[in-house]
Every structure is written in C-alpha cells, then in structure tokens.
Amino acid sequence: MSEMNMQETWEKVEAIYEEGTVLDLKVEGIVNAGVIVYVEGIRGFIPISQLSTKYVEDTNPYLHKMVQAKIIEVSEEEKRLILSVREVEKMKAEAERQAKIEAFKPGSIVDGKVESIQKYGAFVDLGDHISGLVHISQFSERRIKSAAEVVSVGQKVKVRILNVKDGKISLSMKGLLEGEEVEPDVKEYKAEGEASTSLADLLSGIQL
C-alpha cells in the first residue's frame, strides 16, 4: 500500500472512530494482553480488559471468532488502533434497559418490592433489574416524615406509574397502601412524549 493510500486509509479509520460505528470483525491473532483484528487492513488491538463486560481470563477461545467492536483510540502518528467489544456490550445493555423502562405506561398499577428507604422516599424493585422511586409525598394523602412509617424493606407493594422520563420511573402509592380500590387514571398521569420506544428502535441508534 502506497504512502498516499495508507494516509487515506487512516483517515477512513479516523472517520469510523468519530462516527462511533460498530464493526463486525474477525479475531486474527492472539497476544498476551489481548487479541488482534484488522480494520480496513490496519492492525488493531483489543485489550483483554475490553473483550467483554465480564472477566476474561483466556483469550484463546476468541481466535478466528467474530466480534462486534468499536474504535476507542486511533493515532496515525503512533500507528495505534485500539478497539473495544466491552463498549458495544454496554451500549446494547443500556438500550435493552431503556426499552424495558419505556414499557411501563403512566397510569398503570404494577407489583413491586421495596428495595431501599431513603430520606426523600423509597425505591421499589419492579423486576428485571428495573427500579422506580416513590417520593415521600406520594405515599399517602396524609403527611409523613419518613417512608419507613408506611413501608419496610422487602415489603411487597402495589404502585402506580406516575411518569417515565430520562430513564427514570416515578411511582405513587397513594390510595394503594390503604387498600382502596383505585382505577388507573391515565389522563391524570401523562408522560412527556411517547413511551412506546421498542428495543428495535433503541438498537437502531447504534450504527452497525
């Protein structure tokens, strides 16, 4: 490859880095501290710490396997190209988490379990590693000083989805802790924007 073509190739790799593109790559070699892949013919390195979100002890099983990775460092001057599989896994996990959160509809009543009690309220586990916050003002019509007055950690409860915004779920227990029959009132609890984002929609934001 001529010097001019090599420069163009590095510029292309730099553009891939800037765009955050996820690449499908084949592991071509194994070294002590990671694995070797090639991007547009340029030798790239994936450190063992960047091979997965989980601990990787042996890199040999990766040889000749396909991985999805993104460039995290590129330097033409130093002829350095570093990639990460771990970052792609984190992006996918976050997209899946957001899809699960957006599936909760304002106004609906769901089951949960009190996860922790804080000065400002309590966090409720809604299942599948998703939690929501019941602010101290959303426990009862009567004023309380602490969530501990009405709930305890580990207690199973029913909560109403108040809002889903910026990856956070706001909850209410008003009318539910007292055992009152409460019909969901979606009009009263309007989410800002549509809460219908699907996993496919979120993953589509990741450039492949």
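## How confident is the model?

The mean pLDDT of this protein is 86, and 83% of its residues reach 70 or more. Keep in mind as you look around that this is a predicted model. Confidence varies along the chain: among the elements, strand β1 (residues 23–26) has the highest mean pLDDT, 98, while helix α3 (residues 199–203) has the lowest, 53.

Residues 180–197 call for some care. Their pLDDT stays under 50, and the model has 28 contacts for them beyond four places in sequence. Where pLDDT is low, the predicted coordinates should not be read in detail.

## Strands β8, β9 and β11

Let's start with β9, which has two strand partners to explore. It pairs with β8 in the antiparallel sense, over 6 bridges. If you find V124, you can trace one of the links: its bridge partner in β9 is G132. The two strands β8 and β9 form a hairpin with 2 residues between them, and D128 in the turn has a positive phi of about 55°.

With β11, strand β9 pairs in the parallel sense, over 2 bridges. Here V134 is the residue to find, as its bridge partner in β11 is L171.

Which side chains of β9 point to the buried face? They are I130, G132 and V134, whereas S131, L133 and H135 point to the other face and are not buried. The side chains thus alternate along the strand.

## Two nonpolar cores

In soluble globular proteins, nonpolar side chains tend to be buried together. The largest nonpolar core here has 21 residues, and those touching the most other members are V124, L126, F139, V159, I169, L171 and M173. Two of these names, V124 and L171, may be familiar from the strand pairs above.

Five strands give two or more residues each to this core: β7 (109–118), β8, β9, β10 and β11 (168–172). Which of them gives the most? It is β10, with 4 residues. Apart from this core lies another, of 20 residues, including V13, I46, V56 and A69.

## Salt bridges

Side chains of opposite charge can pair when their charged atoms come close. How many salt bridges does the structure hold? There are 8. In one of them, the side chains of E78 and R80 meet with N and O 2.1 Å apart. E78 is exposed, with a relative accessible area of 51%, while R80 is partly exposed at 28%. Both belong to a network of salt bridges that also takes in E73.

Another salt bridge joins the side chains of R86 and E87, at 3.9 Å from N to O. Both residues are partly exposed, R86 with a relative accessible area of 28% and E87 with 25%.

The turn residue D128 forms a salt bridge too, with K100, and their closest N and O atoms are 3.3 Å apart. This pair links distant parts of the chain, 28 residues apart: D128 sits in the loop between β8 (121–127) and β9 (130–135), and K100 in helix α2 (residues 86–102). K100 is partly exposed, at 34% relative accessible area.

## A serine in a loop

Finally, look for S146 in the loop between β9 and β10 (156–165). Its relative accessible area is 26%, so S146 counts as partly exposed. A polar atom of the S146 side chain lies 3.1 Å from the backbone nitrogen of A148. S146 and Q118 are 28 residues apart in sequence, yet their C-alpha atoms are 8.1 Å apart in space.

How values were computed. Residues numbered from 1 in each chain as written. Predicted model: local features only at pLDDT ≥ 70, side-chain atom pairs only at ≥ 80, totals over all residues. Heavy atoms only, no water. Salt bridge = Lys/Arg side-chain N within 4 Å of Asp/Glu carboxyl O. Buried < 20%, exposed > 50% of the residue type's maximum accessible area, 1.4 Å probe, protein only. Polar contact = N/O pair within 3.5 Å; in protein donor to acceptor, adjacent residues only side chain to side chain. Core = buried A, V, L, I, M, F, W, Y, C linked by side-chain atoms within 4.5 Å. pLDDT = per-residue confidence, 0-100. Contact = heavy atoms within 4.5 Å. Pairing = 2+ DSSP bridges.
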